[in-house]
There are 2 protein chains.
Amino acid sequence: MKNPEHRVQITKRLLREALTAMLIEKPLSAITVKELCERAQLNRGTFYAHYADVYDLLEQIEAEMAAGFRAALEPILSAAGELRPPAVTKKIFECIEANADLCRVIVGPYGDKEFGRELLRSSKESCLKSCLRFFPSAEPWQIDAYFSFVTGGCYALMECWLREGMKESPERLADAAEKIMEHGIAFLG
Amino acid sequence: MKNPEHRVQITKRLLREALTAMLIEKPLSAITVKELCERAQLNRGTFYAHYADVYDLLEQIEAEMAAGFRAALEPILSAAGELRPPAVTKKIFECIEANADLCRVIVGPYGDKEFGRELLRSSKESCLKSCLRFFPSAEPWQIDAYFSFVTGGCYALMECWLREGMKESPERLADAAEKIMEHGIAFLG
DNA sequence: AAAATAATCGAACACCGTGTTGATTTATGA
DNA sequence: TCATAAATCAACACGGTGTTCGATTATTTT
């Protein structure tokens, strides 16, 4: 006895795959429901049976991605108490490498800016929370500034890495990120 | 004898003001020529006399902004040889503060992602060129990584600063950015 | 294997914004 | 005042949207 919604799942998967594929070459605003359905080999009416418009579809894809990231990071972060920060950073870069296709879409030129910002914002929050107690003497705005800087820096580093074809290993990237965060320009010995 | 294209300039200014105002609350993809012209109190036909579509208008606005940035930064950068890096950074943050309205639109949720990326890319390039010779022992990818990180970090810092209402002075921001770039987490003494 | 169910399809529909055109009105400068 | 150039207005075909049918197909149940 298969899932009675088996066909629906296939339909949704086809639409998601078509949209992510199209987002590699066009911004969402240039993607029409018509073309999307042609690509997915689906009737246009079928699209409207499941989604209100392309933005609705993207939202659901992003929610799924966010859940996927949380699921992938959860074992890493739950073990973070026992691991040293470099190991956590390394695991995160490995996670990005393993999901490079999706990450490229998100971070690439036509990825949703707000989705990236939200990712940044939430990672800044977690870093801030877990590190706040270590810097009792710093002013709040300085702590905020530092974590804005380093999360933005890591994001830019990841973006550059994905764009350039991930020639370096996740280990080296994580190592670089850690060293820059800790010691600044001394990284370039 | 006024400029014979006086009326055209007014029309264009009205359209630019209307678009930048609307970009505070909506993404470009949600802005129609119809609504734009209603807001600018202009006939729709008049818009098409000057621009092909809203993207064309935005491109021209961005080109104007980019020229404005270059003009504002030119005296700073041309004097950079005589100034120490912290002074340059300070002047850049002052420049951002002076043009906060426009910067907020660019960097805000509905600003053009590609425009920001292009700004980042070109500032990374200039930093890279002017600093390359100081690090003969570092591998090329490390230099690339460092400057990706710090330009992305500065961008994120600026974004955060603008979003939070610019409570700190440009001097403090510049000082923070310099210290983080140079010494990393030691900034949070 | 046949019937029942649910999803997809295909076609038609009104709606709205687009981009263009041509005639008309308004403002500017000579 | 007159000539010129720009803004206005109305109308147009076009294309994508979102909806609604009934028909068709695939899956599950009996």
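## Cavities and helix packing in a predicted two-chain model

The lining of the largest cavity divides into seven nonpolar, four polar and seven charged residues. The model described here is predicted.

**Cavities**

With a lower limit of 30 Å³, three cavities are counted. The largest cavity has a volume of about 330 Å³. Its lining is made of 18 residues, and those nearest the centre of the cavity are Leu120(A), Tyr155(A), Glu159(A), Tyr155(B) and Glu159(B). The elements that give two or more residues to this lining are H7 (113–131) and H8 (140–163) of chain A, together with H7 (113–131) and H8 (140–163) of chain B.

The second largest cavity holds about 90 Å³ of space. The residues that line the second largest cavity are Thr20(A), Leu23(A), Leu58(A), Ile61(A), Glu62(A), Met65(A), Val105(A), Ile106(A), Tyr110(A), Gly111(A), Asp112(A) and Phe115(A). Two elements of chain A, helix H4 (54–78) and helix H6 (100–107), give two or more residues each to this lining. H4(A) provides the largest share, with four residues. By class, the second largest cavity is lined by eight nonpolar, two polar and two charged residues.

**Chain A as a whole**

Chain A has nine helices and zero strands. Read from the N terminus on, the order of its elements is α-α-α-α-α-α-α-α-α. Along the principal axes, the C-alpha atoms of chain A fill a box of roughly 60 × 35 × 30 Å.

**Helix packing**

Two packed helices are described by the angle between their axes and the distance between the axes. Three helix pairs are set out below.

| Helix pair | Axis angle | Axis distance |
|---|---|---|
| H8(A) and H9(A) | about 155° | 11 Å |
| H8(B) and H9(B) | roughly 155° | within 11 Å |
| H9(A) and H8(B) | roughly 55° | within 11 Å |

In chain A, H8(A) and helix H9 (residues 170–183) pack at an angle of about 155°. An angle over 145 degrees counts as roughly antiparallel, so H8(A) is roughly antiparallel to H9(A). H8(A) passes H9(A) in a right-handed crossing. On the H8(A) side the contact involves Tyr146(A), Val150(A), Cys154(A), Leu157(A) and Trp161(A), which meet Pro170(A), Leu173(A), Ala177(A), Met181(A) and Glu182(A) of H9(A). The contact of H8(A) with H9(A) is made up of nine nonpolar, no polar and one charged residues.

In chain B, the axes of H8(B) and helix H9 (residues 170–183) cross at roughly 155°. H8(B) and H9(B) are therefore roughly antiparallel to each other. The crossing in which H8(B) passes H9(B) is right-handed. Here Tyr146(B), Val150(B), Cys154(B), Leu157(B) and Trp161(B) of H8(B) meet Pro170(B), Leu173(B), Ala177(B), Met181(B) and Glu182(B) of H9(B). The classes in the contact of H8(B) with H9(B) are nine nonpolar, no polar and one charged residues.

The third pair joins a helix of chain A to a helix of chain B, with the axes of H9(A) and H8(B) crossing at roughly 55°. This angle makes H9(A) oblique to H8(B). H9(A) passes H8(B) in a right-handed crossing. From H9(A), the contact uses Arg172(A), Ala176(A), Ala177(A), Ile180(A) and Met181(A), and from H8(B) it uses Trp141(B), Ala145(B), Tyr146(B) and Phe149(B). By class, the contact of H9(A) with H8(B) has eight nonpolar, no polar and one charged residues.

Some residues recur across these contacts. Ala177(A) and Met181(A) of H9(A) meet H8(A), and Ala177(A) and Met181(A) also belong to the contact with H8(B). Tyr146(B) of H8(B) takes part in the contact with H9(B) and in the contact with H9(A). H8 of chain A and H8 of chain B also contribute to the lining of the largest cavity.

Methods:
Residues are numbered from 1 along each chain as its sequence is written. Chains are lettered from A and ligands numbered from 1 in the order in which they are written. This is a predicted model: local features need pLDDT of at least 70, side-chain atom pairs count only at pLDDT 80 or more; totals for chains, interfaces and linings use all residues. Side-chain values use heavy atoms; hydrogens and water are left out. On a 1 Å grid over the protein atoms alone, a cavity is a set of points where a 1.4 Å probe fits but cannot get out, and a pocket is an open set with protein on both sides within 12 Å along at least five of seven lines; lining residues have an atom within 4 Å of a point. Grid points are joined across faces, edges and corners, and a volume is the space filled by probe spheres set on the points. Ala, Val, Leu, Ile, Met, Phe, Trp, Tyr, Cys and Pro count as nonpolar, Asp, Glu, Lys and Arg as charged, and the others, Gly among them, as polar. Axes are lines fitted to C-alpha atoms, for helices over the stretch in contact, and angles run from 0 to 180 degrees between N-to-C directions. Angles under 35 degrees count as roughly parallel, over 145 as roughly antiparallel, 65 to 115 as roughly perpendicular and the rest as oblique. A crossing is left-handed if the near helix is turned anticlockwise from the far one by less than a right angle, and right-handed if clockwise. Contact means heavy atoms within 4.5 Å.
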